[in-house]
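Biologist: Please take one part of this model and look at it closely. Then work outward from there, one contact at a time, and tell me how that part fits with the rest.

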Amino acid sequence: MSQQRALRVSLRVDGMGTAIFGVLVLAGGQRLADVIGVPGSWIVPIGVGMLGGAVLLLIFSGHPALPRVAVAVNAGSGVVMVGLAASGVLPLTGLGIAFMLAGAAWVATFAILVLVLLRRAEGTR
């Protein structure tokens, strides 16, 4: 598989996974908010934000010039999630902390993967 193809596939997988998480957050609604300790008013914006991010990732995956912004957004999201899990700003439950850390691991994995693939793709030109 070429570096460009691997990069596009990784962006698509990231986008689809993010979309699935977004749908699950929206479907979980107030029940999910209660279980993880996030204020109920945050659930819809979080879910919609995840769906918006998923759409962008899917658009990026087909863009002729693969944007580095996907790396920055994923890395930034990971930092925010770890910060929320560790800071006590939100009254997260144990499951909420695990949810935030799992999300951070997901985005960090794709930030690193996309960065490596971008560098390799640029090196093969």
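Modeller: Thr18 is buried, because its relative accessible area is 13% and the cut-off for buried is under 20%. This is a predicted model, so every value here is computed from predicted coordinates. Thr18 belongs to helix H1. Set aside the neighbours within four places in sequence, and Thr18 is in contact with four residues: Met50, Ala54, Leu57 and Trp106.

Take Trp106 from that list. Trp106 lies in helix H4. Its relative accessibility is 29%, so Trp106 counts as partly exposed. Buried Thr18 thus has a partly exposed residue among its contacts.

Now the aromatic rings. A pair of rings is described by two values, the distance of the centres and the angle of the planes. The count of aromatic pairs comes to two. In one of them, Phe21 and Phe99 have ring centres 6.0 Å apart, with the planes at 70°, so the pair is edge-to-face. The angle decides this, because planes over 60 degrees apart count as edge-to-face. Phe21 sits in helix H1, residues 3-36, and Phe99 in helix H4, residues 94-123, so this pair ties together parts that are 78 residues apart in sequence. Phe21 is partly exposed, at 30% relative accessible area. Phe99 is partly exposed too, at 26%.

The pair of Trp106 and Phe110 has ring centres 4.8 Å apart and planes at 50°, so it counts as tilted. Here both partners lie in helix H4. They are four residues apart, about one turn of the helix. Their cover is not alike. Trp106 is partly exposed at 29%, whereas Phe110 is buried at 9%.

Stay on helix H4 for Ala111. Its relative accessibility is 7%, so Ala111 counts as buried. Beyond the neighbours within four places in sequence, Ala111 is in contact with Val71, Asn74 and Ala75. There is also a C-alpha distance to give. Ala111 and Val69 are 42 residues apart along the chain, and their C-alpha atoms are separated by 9.8 Å.

Glu122 also lies in helix H4. Glu122 counts as partly exposed, at 37% relative accessibility. Its C-alpha atom is separated by 43 Å from that of Ser41, which is 81 residues away along the chain.

Next, the nonpolar cores. The largest has 14 residues. Those with the most contacts inside it are Leu32, Val38, Ile43, Met81, Leu90, Leu92 and Met100. Helices H1, H3 (69-87) and H4 each supply at least two residues of this core. H1 gives the largest share, four residues. For a closer look, take Leu32. Residues up to four places away in sequence aside, Leu32 touches Leu24, Val25 and Ile43. Another core lies apart from the largest one, with ten residues. Among them are Leu7, Leu11, Leu57 and Ala70. Leu57 brings us back to the starting point, since Leu57 is one of the contacts of Thr18.

Then the surface. Val13, Met16 and Leu58 form a nonpolar patch there. Together they have about 240 Å² of accessible area. Leu58 is part of helix H2, residues 40-62. At 37% relative accessibility, Leu58 counts as partly exposed.

Last, the whole chain. The secondary structure comes to four helices and zero strands. From the N terminus on, the order is α-α-α-α. The C-alpha atoms fill a box of roughly 50 × 25 × 20 Å along the principal axes. The chain has 125 residues, and 36% of them count as buried. Thr18, Phe110 and Ala111 are among the buried ones. Consider contacts between residues at least 6 apart in sequence: 72% of them join residues at least 24 apart. The chain exposes about 6800 Å², and carbon and sulfur atoms supply 74% of that area.

Conventions. Residues numbered from 1 in each chain as written. Predicted model: local features only at pLDDT ≥ 70, side-chain atom pairs only at ≥ 80, totals over all residues. Heavy atoms only, no water. Patch = residues over 30% accessible without salt bridge, like charges linked within 9 Å, V, L, I, M, F, W, Y side chains within 5 Å. Areas by Shrake-Rupley, 256 points an atom, 1.4 Å probe, with all protein chains shown as cover. Salt bridge = Lys/Arg side-chain N within 4 Å of Asp/Glu carboxyl O. Buried < 20%, exposed > 50% of the residue type's maximum accessible area, 1.4 Å probe, protein only. Contact = heavy atoms within 4.5 Å. Phe/Tyr/Trp six-rings, centres within 6.5 Å; stacked < 30°, edge-to-face > 60°. Core = buried A, V, L, I, M, F, W, Y, C linked by side-chain atoms within 4.5 Å.
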